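Here is my note on the model you sent. Please read it with the structure open.

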Amino acid sequence: MARNTLPVVVAGGGIGGLAAALALARKGFRSVVLEQAREFGEIGAGIQLAPNAWHAIDALGVRERVKRPPSSSSRCC
Ligand SMILES: Cc1cc2nc3c(=O)[nH]c(=O)nc-3n(C[C@H](O)[C@H](O)[C@H](O)COP(=O)(O)OP(=O)(O)OC[C@H]3O[C@@H](n4cnc5c(N)ncnc54)[C@H](O)[C@@H]3O)c2cc1C
């Protein structure tokens, strides 16, 4: 059966939507992330990640990027 080449539409660019888009990309699927907010911004001062979150981060192959301290050039806004 031919593979559907249309992009998957992901509603919401939070961590869930971005993780879904990354997981799709790693499996060879294109996606379009639709975010209603005009821009991304920081909420709070940091993030705590439970062990199950690290399993998901490992599955997505981004552990080293998540562990990397933020720099001014990596900020989105
Ligand atoms: C102050 C604060 C601190 C937190 N600290 C931690 C922490 O340390 N560790 C931790 O694990 N969790 C923490 N959380 C919880 C964590 O932020 C949430 O569990 C997580 O962000 C949920 O991700 P999500 O992608 O499911 O939803 P969201 O982050 O809510 O993302 C959903 C996105 O979808 C967009 N959206 C909604 N409807 C539409 C639409 N119709 N069309 C287009 N876009 C749409 C929204 O604008 C939003 O950007 C914290 C939450 C807050 C508020």
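The points below go from the overall make-up to the strand pair and then to the ligand.

1. Status. This is a predicted model, and the comments here should be read as comments on a prediction.

2. Make-up. The protein chain holds two strands and three helices. Read from the N terminus, the order is β-α-β-α-α.

3. Burial. The protein chain has 77 residues, of which 0% count as buried. The criterion for burial is 20 or more other C-beta atoms within 10 Å of the residue's own, so the 0% says that no residue of the chain reaches that count.

4. Contacts. Taking the contacts in the protein chain with a separation of 6 or more, 37% are between residues 24 or more positions apart.

5. Strand pair. Strand 1, residues 8–11, runs parallel to strand 2, residues 31–34, and four bridges link the two. One of the residues involved is alanine 11, whose bridge partner in strand 2 is leucine 34. Between the two strands the chain passes through helix 1, and this β-α-β crossover is right-handed.

6. Ligand shell. Which residues are the closest to the ligand? They are Gly12, Gly14, Gly16, Gln36 and Gly44, out of 16 residues that surround the ligand. Helix 1, residues 15–26, gives the largest share of this shell, with three residues.

7. Shell composition. By class, the shell around the ligand consists of eight polar, seven nonpolar and one charged residues. Glycine is counted as polar in this scheme, so the four glycines named in point 6, Gly12, Gly14, Gly16 and Gly44, fall in the polar class.

Methods: Residues are numbered from 1 along each chain as its sequence is written. This is a predicted model: local features need pLDDT of at least 70, side-chain atom pairs count only at pLDDT 80 or more; totals for chains, interfaces and linings use all residues. A residue is buried if 20 or more other C-beta atoms lie within 10 Å of its own, exposed if 12 or fewer, and partly exposed in between; C-beta atoms are placed from the backbone. Two residues are in contact if their C-beta atoms, placed from the backbone, lie within 7 Å. A residue is near a molecule or strand if its C-beta atom, placed from the backbone, lies within 6 Å of it. Two strands pair if DSSP finds at least two bridges between them. A crossover is right-handed if, with the strands pointing away from the viewer, the path from the first strand over the helix to the second runs clockwise.
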